[in-house]
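Please work through the following exercises with the sequence and the model side by side, and try each task before reading its solution.

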Amino acid sequence: MSITILVVDDDPDYVDLTTLILRKEGYQVSTASDGSVALEELKNHQPDVVLVDWNMPGMNGISFIKSVKADAQYCDRYVIMVTARSDPQAKAEGMNAGADDYLTKPFDKLELLARVRVGLRTRNLQKALADEVRILHRAVEQSPLSIVITDTSGAIEYVNRHFTEVTGFSFNEAIGKNARMVKGGETRPEVYVELWNTIVSGGEWRGELKNKKKNGELYWEHASISPIKNENGDITHFLAVKEDITERKRAEEATRQSELQFRLVWEKSADGMRLTDEQGTVLKVNEAFCRLVGKPREALEGKPFSVIYTEAQQE
């Protein structure tokens, strides 16, 4: 893959010399005589490194650098200011404008090439990091779980798309609000005390919370909340990964109600009822069955039905 260097200077002798040095090293070179022309070259040739002079007609080097660094599409380009101005104030002004490096004319060929290689390595690292961040961001955005990041006070700094779909709050509505914005009011206070004490002490809390959507509808979440620490081990943020378990809770409640109704029918029935396994062992009987055979529950459950039947016939 070819590497392109953009040389921006109004001195043709300097441009020719620099171009010759760079091309001998195998680099592609494009040139511009002032900042405004260089901006067009930037768009047309997508250079990896830019060498720019300070004093030029039209847009000077400082203005050019500020324009490049303010543009989200090109701000990652590595820019080296190459100028005859060697005083500390000028160097500070160039770096403050956004230059990534500063080289004073006349320069040594080896130093120029070394600075360019540093710029290329830096840009490659930045691209690799940007790719990694982009992949991670896509993974988080496409996650089937709600992901929330807050500061240490609980103020929300990030929510993913699934959070907005579940809660009904938009990204902008959530950012800056306290995570309590979805608190449903039905979770016991001691649960929140345990949660907070766990995460501020550096631990991970797992549990279920009953929260509230923007429209007031209550929903259940299983949450895993843990601290994010910096390189010194200090907690800087909290990360919450939450699964909507509302449907599971509804299914569990429906099963519980069904079992309750079954038990009521079982115990209140006037007919003798028994439950046996595949081997014929009696697992459960109701009161009517106990009356039918004239024995208490504990004398029946766990015994083979054939034995119970035989004993009942003999009696």
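**Exercise 1: a lysine and its surroundings**

Task: Find which side chain makes a polar contact with the side chain of Lys242, and establish whether Lys242 is buried or exposed.

Solution: The side chain of Lys242 makes a polar contact with that of Glu221 at 3.3 Å, where a polar contact is a pair of N or O atoms within 3.5 Å, one able to donate a hydrogen and the other to accept it, with residues adjacent in sequence counting only if both atoms are side-chain atoms. The model is a predicted one, in which local features need pLDDT of at least 70 and side-chain atom pairs count only at pLDDT 80 or more, while totals for chains, interfaces and linings use all residues. Residues are numbered from 1 along each chain as its sequence is written, and side-chain values use heavy atoms, with hydrogens and water left out.

Next, place the residue: Lys242 lies in strand β10, residues 235-244, strands (E, at least two residues) and helices (H or I, at least four) being DSSP runs numbered from the N terminus. Its relative accessibility is 8%, so Lys242 counts as buried; the cut-offs are under 20% relative accessible area for buried, over 50% for exposed and partly exposed in between, with a 1.4 Å probe and protein chains only. Finally, leaving aside neighbours within four places in sequence, the residues in contact with Lys242 include Leu145, Phe163, Asn211 and His222, contact meaning heavy atoms within 4.5 Å.

**Exercise 2: the nonpolar core and α3**

Task: Identify the members of the largest nonpolar core that touch the most other members, and the element that gives the largest share.

Solution: A nonpolar core is a set of buried Ala, Val, Leu, Ile, Met, Phe, Trp, Tyr and Cys residues joined through side-chain atoms within 4.5 Å. The largest one has 20 residues, of which Val8, Val50, Val52, Phe64, Ile65 and Met81 touch the most other members. Two or more residues come from each of β1 (4-8), α2 (35-45), β3 (49-52), α3 (61-70), β4 (78-83) and α4 (88-97), and α3 gives the largest share, four residues.

Turning to α3, its buried residues are Gly61, Ile62, Phe64, Ile65 and Val68. These cover an arc of only 160 degrees around the axis, taken from the directions from the helix axis to the C-beta atoms, and therefore lie on the same side of α3. They pack against α2, β3, β4 and α4. At the N-terminal end of α3, Asn60 acts as a cap, with a side-chain oxygen 3.3 Å from the backbone nitrogen of Ile62.

**Exercise 3: salt bridges**

Task: Determine which parts are tied together by the pair Asp48 and Arg123, and by the pair Glu267 and Arg297.

Solution: A salt bridge is a side-chain nitrogen of Lys or Arg within 4 Å of a carboxyl oxygen of Asp or Glu, and a search of the whole structure finds 23. One of them joins the side chains of Asp48 and Arg123 (3.4 Å, N to O). Asp48 lies in the loop between α2 and β3 and Arg123 in helix α5, so the pair ties together parts that are 75 residues apart in sequence. Both residues, Asp48 and Arg123, are buried, and they are linked with Asp76 and Arg77 in a network of salt bridges.

For the second pair, the closest N and O atoms of Glu267 and Arg297 are 3.6 Å apart. Glu267 lies in helix α9 and Arg297 in the loop between α10 (287-293) and α11 (305-314), so this pair ties together parts that are 30 residues apart in sequence. Glu267 is partly exposed at 30% relative accessibility, and Arg297 is partly exposed at 22%.
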